[in-house]
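Subject: Structure handover

Hello,

Here is the structure for you to look at. My notes on it follow below.

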Amino acid sequence: MTMIAANLHQVRSRIVTACAAADRDPAGVQLLAVSKTFPAEAVREAVAAGQTAFGENYVQEGVAKIEALADLRAQLVWHCIGPLQSNKTRVVAEHFDWVHSIDRLKIAERLSQQRPDGLPPLQVCLQVNVDGGANKSGVSVDEALALAQAVASLPRLRLRGLMAIPEPAPDFDAQRTLFLRAAAVFEEIRAAGIALDTLSLGMSADLEAAVAAGSTLVRVGTAIFGQR
Ligand SMILES: *Cc1c(COP(=O)(O)O)cnc(C)c1O
């Protein structure tokens with residue numbers, strides 16, 4: 001077994017254990033392998049070990065990898081999880097399947113306009129700032145519902161859920177408390193009649209707390225591919 005295959009196995013068992021502790025079905029938590037800074041060959045190794053969903057932060061690097069792995073394109077799902085500027089939306093709309101980092105309407109409108117007709121709608125999550133830091137990415141908790149309503153009406157996007165990246169907290173309970181803020185916004189938007197199904201929370205260091213707070217998708221890089 002390769003190192004990546006062994007790491008994937010270990011991360012999957014962490015998810016299963018966290019689900020058992022939270023009394024949840026492991027089928028309700030998807031693993032997104034974050035391959036940023038690692039070469040296409042590392043992604044191939046993960047695919048050989050059964051992984052199909054991959055996350056990239058940097059648009060140019062991600063597109064280069066998607067193109068290098070064009071032979072696997074039909075079986076892979078590519079998620080753009082990094083901050084997105086207006087001048088990068090077209091290439092994202094043309095190459096990725098998902099975007100997790102929508103934090104303003106202008107970016108969502110551009111992605112919708114630029115999504116090619118031959119492709120299915122782009123699957124999107126809003127990034128929510130649950131720490132309240134003014135200079136952090138993400139829509140504020142107070143503005144999330146209004147943004148969700150606007151994004152849900154765009155024709156070439158399909159709003160699936162929320163993503164958050166809280167600051168590291170000192171312990172499990174403190175980390176879970178931050179994740180629960182995202183879960184509360186998720187429930188607020190669902191209560192308003194928007195059918196979200198994806199809560200993108202948790203990384204290598206804190207996936208257990210995220211699963212305890214209701215995460216349906218954990219984004220794991222280091223624990224699969226190694227230190228960057
Ligand atoms: C890098 C990154 C991850 C993965 O982080 P690890 O700590 O390496 O698991 C997850 N989400 C986002 C948005 C990232 O930028």
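**The pocket and its ligand**

Among the elements that line the largest pocket, β5 contributes the most, with three residues. Please keep in mind that this is a predicted model.

β5 covers 122-129, and two helices, α7 (172-191) and α8 (207-212), also supply at least two residues each to the lining of the largest pocket. The volume of the largest pocket is about 610 Å³. Its lining consists of 31 residues, and those closest to the pocket centre are Ile165, Pro166, Met203, Asp206 and Arg219. Sorted by class, the lining has 14 nonpolar, nine polar and eight charged residues.

The ligand occupies this largest pocket. Around the ligand are Val34, Lys36, Asn57, Ile81, Ile165, Met203, Ser204, Arg219, Val220, Gly221, Thr222 and Arg228. That shell divides into five nonpolar, four polar and three charged residues. Ile165, Met203 and Arg219 belong to the shell and are also listed with the residues closest to the pocket centre.

Three polar contacts may be of use to you:

- Asn57: a side-chain N or O atom is 2.8 Å from an oxygen atom of the ligand.
- Arg219: a polar side-chain atom is 2.9 Å from a nitrogen atom of the ligand.
- Thr222: a side-chain N or O atom is 2.5 Å from an oxygen atom of the ligand.

As for burial, the ligand taken alone exposes 390 Å², of which the protein buries 89%.

In short, the ligand sits in the largest pocket, and Arg219 both lies among the residues closest to the centre of that pocket and places a polar side-chain atom 2.9 Å from a ligand nitrogen.

Regards

Notes. Residues are numbered from 1 along each chain as its sequence is written. This is a predicted model: local features need pLDDT of at least 70, side-chain atom pairs count only at pLDDT 80 or more; totals for chains, interfaces and linings use all residues. Side-chain values use heavy atoms; hydrogens and water are left out. A residue is near a molecule or strand if one of its heavy atoms lies within 4 Å of it. A polar contact is a pair of N or O atoms within 3.5 Å; within protein, one must be able to donate a hydrogen and the other to accept it, and residues adjacent in sequence count only if both atoms are side-chain atoms. Accessible areas come from the Shrake-Rupley method with a 1.4 Å probe; for residues, only the protein chains shown count as cover. On a 1 Å grid over the protein atoms alone, a cavity is a set of points where a 1.4 Å probe fits but cannot get out, and a pocket is an open set with protein on both sides within 12 Å along at least five of seven lines; lining residues have an atom within 4 Å of a point. A molecule sits in a cavity or pocket if more than half of its atoms lie within 2 Å of its grid points. Ala, Val, Leu, Ile, Met, Phe, Trp, Tyr, Cys and Pro count as nonpolar, Asp, Glu, Lys and Arg as charged, and the others, Gly among them, as polar. Grid points are joined across faces, edges and corners, and a volume is the space filled by probe spheres set on the points. Helices (H or I, at least four residues) and strands (E, at least two) are DSSP runs, numbered from the N terminus.
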